[in-house]
Amino acid sequence: MLWNHWWNLVCQLRSACARTRTFLWMSLCLAGITVRKDLLGVTSIVRARGLEPAGYDPLLDFFHSPALDLDKLTCAWCALLFRLDPGILRVNRRPVLVGHGIKVAKPGRKMPGVKKLHQQSESNNKAEYIFGHSCQAVAVLSQALSSVFALPLACRIHEGTVFSNRDHPTLLDKMILLLDSLGLKQSFYFVADAYYASGKVVRGLLTRGNHLVTRVKSNSVAFFPATPPPKNRPRPKGRPAKYGKKIRVAALLKDAGQLQEAPSPVYAEKDVILRFRAADLLWRPVGILVRFVVVLHPQPGAILRMCTDLTLSPLDIIRIYALRFKIEVSFKQALQVIGAYAYHFWMAAMTPLRRVSGNQYLHRKSDAYRHAVRRKIPAYHRHIQLGLIAQGLLQILSATQSKLVWRSFGSWIRTIRPGLAPSEQVVAIALRNTLPEFLATAAKTSILVKFIQDRLDLSRTEGTSLAA
């Protein structure tokens, strides 16, 4: 039954494929990414599905084929999520989207888009400088039981290659284009960190009726609206003043009499009282009134938030921005459980990169070289997008079929908390355990089953276990 629910969801992505065979290869990839035990690229998909060695090259061709339209796949996936609505979190009847960047280490010297990158949050597991791909991702917040997921929508590589030295789009421009490519028909709140607190992002969102919720730096300034001149005096020459007194946003906390108190609306915080103050001030990068919310938290101290929607309450601004970290949890699952970024597609004709390489400028390269790069980058994007869809399918099953997941889990876990939805790892194990049963009982109803059975390698243990 679990696989039947999974297959019914995947069938709704058929419109992204030019042919039925392309759709079957896509479904096979999604199933292989879901149940594989190792994260070693396309070879792990072959092992997980017990395929014959001859299936490796068609898989590589599938990722490089334009028969799978990336834009149509992204729109079909977003339409599926909002049509199914697995507990999508809404504030003022608007869904809440979160965006963030991720840097993925890649050792290949013949991979387009790879460059030397700096990571600010250095730790024992994260070096200060890495060699890899710089991506930006968007997810939508969804609530299941007492858990909140960041359902991944899309992710793209936004640095590393420059095809024209006349075009200078920034990461902020590319994030707006990524949001537009989702094809959403309803307005939303976009939650992002202080890097996206920019006039360019605000204008790009407001033109389509969307709003930004973000954090601002501690030294940010704003302006009170200018006081209009008295009516009994003649109007002074020149344009009427727009900006009044300048104020540092953090200074709003100094007047203790203006602060309000309320229980913390932050996810998983209990018995915490926040002191906060909200003020609608003019923000010079866009020249409009925005809502600033300054918060005095008992542990981290002063926190500054900003929202372009003047109707959103201060506590809602605090609450939805506090959920931004869920996209970072989603990155962890995509890296360690799903393997969405575990691709290794080399470009044989590429000039080897140096370890200190930055962006690859291609405007002086030959047309054949530029075409090869343009073929390779979408292959990376298809692998990432299919990995995110596989992760999203696990989250949907967790939110809508949690009891069935636990019945199919068939393994041991030290602590099972009934109030929380099962994790992606638990759902993947449940699907892995029930895959042989699905292949054995659904042969007459699923074209995917026949497609897989015709390609099983019965000389290997993976193939024989699935065929049995």
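**Exercise 1. The tyrosine 243 ring**

Classify tyrosine 243 in this predicted model by its accessibility, then describe the aromatic pair that it forms with phenylalanine 223.

*Solution.*

Step 1. The relative accessible area of tyrosine 243 is 24%. Partly exposed residues lie between the 20% limit for buried and the 50% limit for exposed, so tyrosine 243 is partly exposed.

Step 2. Phenylalanine 223 has a relative accessibility of 9%. This value is under 20%, and phenylalanine 223 therefore counts as buried.

Step 3. There are 14 aromatic pairs in the structure. One example lies within a single helix: tryptophan 3 and tryptophan 6 have ring centres 5.0 Å apart and planes at 70 degrees, so that pair is edge-to-face. Both of these tryptophans belong to helix α1 (residues 2-10), where 3 residues, about one turn of the helix, separate them. Tryptophan 3 and tryptophan 6 are both buried.

Step 4. The pair of phenylalanine 223 and tyrosine 243 is likewise edge-to-face, with 5.2 Å from centre to centre and 65 degrees between the planes. This pair links distant parts of the chain, since phenylalanine 223 is in strand β9 (residues 221-225) and tyrosine 243 is in strand β10 (residues 243-248), 20 residues apart.

Step 5. Ring pairs also build a cluster, which links Phe62, Phe63, Tyr343, Phe345 and Tyr380.

**Exercise 2. Cysteines and disulfides**

Determine how many disulfides the structure holds, and explain why cysteine 11 is not bonded to the closest cysteine sulfur.

*Solution.*

Step 1. The number of disulfides is 0.

Step 2. For cysteine 11, the closest cysteine sulfur belongs to cysteine 17, at 11 Å. A disulfide requires two sulfur atoms within 2.5 Å, so the separation between cysteine 11 and cysteine 17 is too far for a bond.

Step 3. As for their surroundings, cysteine 11 is partly exposed at a relative accessible area of 32%, whereas cysteine 307 is buried at 0%.

**Exercise 3. A buried glutamine**

Locate glutamine 136, and identify the side chain with which it makes a polar contact.

*Solution.*

Step 1. Glutamine 136 belongs to strand β4 (residues 129-144).

Step 2. The relative accessibility of glutamine 136 is 3%, which places it among the buried residues.

Step 3. Its side chain makes a polar contact of 2.7 Å with the side chain of histidine 158.

Step 4. Beyond neighbours within four places in sequence, the contacts of glutamine 136 include His100, Cys155, Arg156, His158, Met175, Leu178 and Tyr196.

**Exercise 4. Backbone angles in loops and after a helix**

Find where asparagine 92 and alanine 268 lie, and state the sign of phi for asparagine 92 and for alanine 268.

*Solution.*

Step 1. Most residues other than glycine have a negative phi.

Step 2. Asparagine 92 is not a glycine, yet its phi is positive, about 55 degrees. The residue sits in the loop between β1 (90-91) and β2 (94-105) and is partly exposed, with a relative accessible area of 43%.

Step 3. Alanine 268, also not a glycine, has a positive phi of about 70 degrees. This alanine occupies the loop between β11 (260-263) and β12 (273-283) and is exposed at 70% relative accessibility.

Step 4. A positive phi, near 75 degrees, also occurs at glycine 339, which follows α9.

**Exercise 5. Helix faces and the nonpolar core**

Establish how the buried residues of α6 are arranged around its axis, and describe the largest nonpolar core.

*Solution.*

Step 1. In helix α6 (residues 171-180), the buried residues are Leu172, Met175, Ile176, Leu178 and Leu179. Viewed down the axis of α6, they fall within an arc of 160 degrees and therefore line one face of the helix.

Step 2. Among the elements that cover these buried residues of α6 are β2, β4, β5 (147-157), β7 (189-191) and α7 (199-206).

Step 3. In helix α9 (residues 326-338), the buried residues include Ile327, Phe331, Val337 and Ile338. Their cover includes α2 (20-35), β2, β4, β5, α10 and α12 (424-441).

Step 4. The largest nonpolar core comprises 154 residues, and those with the most contacts inside it are Trp6, Met26, Leu179, Tyr341 and Leu386. Helix α10 (residues 367-400) gives the most to this core, with 14 residues.

Step 5. Apart from neighbours within four places in sequence, methionine 26 contacts Leu13, Cys17, Phe62, Leu68, Leu73 and Leu386.

Methods. Residues numbered from 1 in each chain as written. Predicted model: local features only at pLDDT ≥ 70, side-chain atom pairs only at ≥ 80, totals over all residues. Heavy atoms only, no water. Buried < 20%, exposed > 50% of the residue type's maximum accessible area, 1.4 Å probe, protein only. Helix = DSSP H or I, 4+ residues; strand = E, 2+ residues; numbered from the N terminus. Polar contact = N/O pair within 3.5 Å; in protein donor to acceptor, adjacent residues only side chain to side chain. Contact = heavy atoms within 4.5 Å. Arc of directions from axis to C-beta. Core = buried A, V, L, I, M, F, W, Y, C linked by side-chain atoms within 4.5 Å. Phe/Tyr/Trp six-rings, centres within 6.5 Å; stacked < 30°, edge-to-face > 60°.
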